[in-house]
Amino acid sequence: MHHVSMAVTAPQLLFSTDEARALPLVYVLVHAAFVLAAEAVLVAFWKFAEDARTQATAAQERTVAQQQRDLACRAATQATTQTRVAELSDSATQVRTAASDVSEVLRELSSTAATIEQEATASTAVADQAAAGTASARALVERLSASTAEVEDVVRFITSVADRTNLLALNATIEAARAGEAGRGFAVVAQQVKELAVQTAEATDHIGQQLGAILQGRRFVPR
């Protein structure tokens, strides 16, 4: 509007050449076209700059958001790592405690094994002594059996003598009875011999019973 009003009223003040002064409106339009073109270029550049700034802002926001997510992931990873380290530390403590317990149990087992070995050695010695005592008892029983057999032979012989003595005393009593008054003293002697034979038989029977008990006890002697 300024150039148009000046071109109509005082073109000599607006233009410095005669051609422009002769055609002031044409030059005003040309000047306006160049000004509009420059404004269009400025508006296009402004729009491009605004779009670029918007894209840069969006990219920066995306970058910041990604960095925040990365930081959050790192923080979560660090927290998880710390938790796992704490768990591993607890596990290591438990393993050391378990190892200490196992070591203590092994020491106790070793001590128990040594005690058992000593008791086994003592038991072996006692068993050897018992075996030696059993062998001695067996030998003693065998000797006693042999002696008992000999005593049985003697008892049988004494019993045989007592039976014969008793028979002789009986015959002597019969003969004394036949002799009458003359054989009275002989009958007394025969009666005494008979009583002695009976006592001898009873004694030998008692001895035989004792021997039988001894022989019966042989069965319970360990072999």
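This is a short walk through a predicted model of one protein, from its overall layout to a few side chains.

I'll start with the fold. The protein has 5 helices and 0 strands. Reading from the N terminus, the order of elements is α-α-α-α-α. Two of those helices come up repeatedly today. One is α4, which covers residues 24–179, and the other is α5, at residues 184–217.

Next, confidence. The average pLDDT for the protein is 78, and 81% of the residues score at least 70. Broken down by element, α4 has the highest mean, 81, while α5 has the lowest, 71. Then there is residues 219–223, where pLDDT stays under 50. The model has 6 contacts beyond four places in sequence for that stretch. Where pLDDT is low, the predicted coordinates should not be read in detail. I will leave that stretch there.

Now burial and surface. How much of the protein is buried? Of the 223 residues, buried ones make up 9%. The exposed area of the protein comes to about 17,100 Å², and 64% of that is supplied by carbon and sulfur atoms. As for contacts, take those with a separation of 6 or more: 56% of them are between residues 24 or more positions apart.

One buried residue to look at is Thr204, in helix α5. Thr204 counts as buried because its relative accessibility is 6%, and the cut-off for buried is under 20%. If you want a sequence-distant partner to locate it by, use Phe157. The two are 47 residues apart in sequence, and their C-alpha atoms are 9.6 Å apart in space.

Let me move to the other end of the chain. There is a nonpolar patch on the surface, formed by Leu23, Val26, Tyr27, Val30 and Phe34. Together these residues have about 490 Å² of accessible area. Leu23 sits in the loop between α3, residues 18–22, and α4. Is Leu23 buried or exposed? Neither label applies: at 48% relative accessibility, Leu23 counts as partly exposed, since exposed needs over 50%.

On the same topic, a word on the annotation. The unreviewed UniProt entry marks residues 25–46 as "transmembrane region". In the model, residues 25–46 are 100% helix and 0% strand. The C-alpha atoms at the two ends of that segment are 31 Å apart.

Last, the salt bridges. How many are there in the whole structure? The search finds 3.

Take Asp51 and Lys47. Their side chains meet with an N to O distance of 2.8 Å. Both residues lie in helix α4, 4 residues apart, about one turn of the helix. Asp51 is partly exposed, at a relative accessible area of 31%. Lys47 is also partly exposed, at 43%.

Glu50 and Arg53 make another salt bridge, with the closest N and O atoms 2.6 Å apart. This pair lies in α4 too, at a spacing of 3 residues, again about one turn of the helix. Glu50 is partly exposed, with a relative accessible area of 21%. Arg53, at 51%, counts as exposed.

That leaves Arg107 and Glu104, whose closest N and O atoms are 2.3 Å apart. Why are they about one helical turn apart? Because Arg107 and Glu104 are 3 residues apart in helix α4. Arg107 counts as partly exposed at 47% relative accessibility, and Glu104 counts as partly exposed at 36%.

To recap, this is a predicted model with 5 helices and 0 strands. It has a nonpolar surface patch that includes Leu23, a buried threonine at Thr204, and 3 salt bridges. When you look at the C-terminal end, keep in mind that pLDDT stays under 50 over residues 219–223.

Key
Residues are numbered from 1 along each chain as its sequence is written. This is a predicted model: local features need pLDDT of at least 70, side-chain atom pairs count only at pLDDT 80 or more; totals for chains, interfaces and linings use all residues. Side-chain values use heavy atoms; hydrogens and water are left out. Patches are made of residues with over 30% relative accessible area and no salt bridge: like charges are joined within 9 Å, nonpolar side chains (Val, Leu, Ile, Met, Phe, Trp, Tyr) within 5 Å. Accessible areas come from the Shrake-Rupley method with a 1.4 Å probe; for residues, only the protein chains shown count as cover. A salt bridge is a side-chain nitrogen of Lys or Arg within 4 Å of a carboxyl oxygen of Asp or Glu. Buried means under 20% relative accessible area, exposed over 50%, partly exposed in between (1.4 Å probe, protein chains only). Contact means heavy atoms within 4.5 Å. UniProt positions are given in the numbering used here, feature names are shortened, and annotations may be inferred rather than shown by experiment. pLDDT is the predictor's confidence in each residue, from 0 to 100.
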